[in-house]
Amino acid sequence: MTSKLIQTWDPPIPTTPRKESEIPIIHVIGLVGAGKSTFIQKYFPNLPIFDIKDIYENNNFNPKDLHNNPGSYLQFQSALKYSFSNFYRNLKEKNISISIVESSGINKGLNEILRKFFVYRIWITPDHSRMKSKKIYEKQPYAKGLNEHMLTLFKYKKIIFNNEFHFKTYDFSKSLPPIIKKFLV
């Protein structure tokens with residue numbers, strides 16, 4: 001299968017053996033409003049996507065409400081595990097060979113789930129002139145604080161990723177693995 005190609009990926013996070021991983025996952029991460037969805041639509045329009053934003057919207061969760069609220073966080077984590085399990089089972093049933101996960105990259109619950117899989121993380125570096133639009137923060141008021149927090153983590157290299165995509169230049173920081181290039185449009 002494709003595991004020979006995946007084994008050449010630099011493991012960004014030390015993990016236990018990946019017993020569940022049969023289908024590699026491209027995890028597209030970045031700031032709120034950085035262009036993660038645009039990137040996926042442009043380069044991987046035919047791949048199935050698991051977007052953590054759907055968990056928030058479908059279950060009426062707000063990221064800000066989960067902080068310091070263990071009961072709500074447990075409900076969110078349960079919905080996240082259930083939804084991802086269904087997503088992954090569907091991939092296997094349809095014999096899909098690779099998929100996309102979209103998130104900020106710092107959700108601990110999602111990152112814990114993904115530790116069991118072969119994951120290639122792509123950090124989306126936005127065109128900062130686009131990020132100055134206040135529409136992002138009007139639509140998602142929590143985004144400003146989350147983005148500031150993420151920029152601090154990024155500055156101190158606390159956000160782990162394999163590659164970086166720059167929206168200003170439309171370039172990756174390094175060459176993509178062959179298994180991902182194969183699906184790139």
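The paragraphs below walk through a predicted model of one protein chain, from its overall make-up to a few single residues.

The protein chain has 185 residues, of which 43% count as buried, and its backbone forms 10 helices and 6 strands. Among the contacts in the chain with a separation of 6 or more, 79% join residues that are 24 or more positions apart. The mean pLDDT of the chain is 86, with 85% of the residues reaching 70 or more. Over residues 1–8, however, the pLDDT is below 50, and beyond near neighbours in sequence this stretch has 7 contacts in the model. Where pLDDT is low, the predicted coordinates should not be read in detail.

A good place to begin is the sheet. Strands of a sheet pair through backbone hydrogen bonds, either parallel or antiparallel. Here the 6 strands make an open sheet with mixed pairing, and following them across the sheet gives the order β2-β3-β1-β4-β5-β6. The edge strands, β2 and β6, each pair on one side only. At one of these edges, β6 pairs with β5 in the antiparallel sense over 2 bridges, and F172 in β6 is the bridge partner of F165.

Helices lie against this sheet, and α5, which spans residues 70–93, is one that can be followed by eye. Helix α5 lies across β1, β2 and β3, and its direction runs at about 175° to that of β2.

Helix α2, made of residues 36–43, shows how a helix can turn one side inward. Which of its residues are buried? They are K36, F39, I40 and Y43. An α-helix has 3.6 residues a turn, so residues three or four places apart point the same way. The buried residues of α2 cover an arc of only 95° around the axis, and therefore they sit on the same side of the helix. What covers them includes β1 (25–30), β2 (49–51), β3 (99–102), β4 (119–125), β5 (163–166) and β6 (171–172).

In soluble globular proteins, nonpolar side chains tend to be buried together. In this model the largest nonpolar core has 23 residues, and those with the most contacts inside it are I26, F39, F44, I122, I124 and I180. At least two residues of this core come from each of β1, α2, β4 and α10, the last of which covers residues 178–181, while β4 gives the most, with 4 residues. A second core, separate from the one just described, has 21 residues, including I55, L66, L80 and F87.

Finally, some residues in the loops deserve a look. K157 lies in the loop between α9 (143–155) and β5, and its phi is near 55°, a positive value in a residue other than glycine. Is K157 buried or exposed? K157 is exposed, because its relative accessible area is 69%, and the cut-off for exposed is over 50%. Y170, in the loop between β5 and β6, likewise is not a glycine but has a positive phi, of about 60°. With a relative accessible area of 44%, Y170 is partly exposed. P141, in the loop between α8 (135–139) and α9, is exposed, with a relative accessible area of 63%. Although P141 and K64 are 77 residues apart along the chain, their C-alpha atoms are separated by 9.5 Å.

Conventions
Residues are numbered from 1 along each chain as its sequence is written. This is a predicted model: local features need pLDDT of at least 70, side-chain atom pairs count only at pLDDT 80 or more; totals for chains, interfaces and linings use all residues. Side-chain values use heavy atoms; hydrogens and water are left out. pLDDT is the predictor's confidence in each residue, from 0 to 100. Contact means heavy atoms within 4.5 Å. Buried means under 20% relative accessible area, exposed over 50%, partly exposed in between (1.4 Å probe, protein chains only). The arc is that of the directions from the helix axis to the C-beta atoms. Two strands pair if DSSP finds at least two bridges between them. Axes are lines fitted to C-alpha atoms, for helices over the stretch in contact, and angles run from 0 to 180 degrees between N-to-C directions. A nonpolar core is a set of buried Ala, Val, Leu, Ile, Met, Phe, Trp, Tyr and Cys residues joined through side-chain atoms within 4.5 Å.
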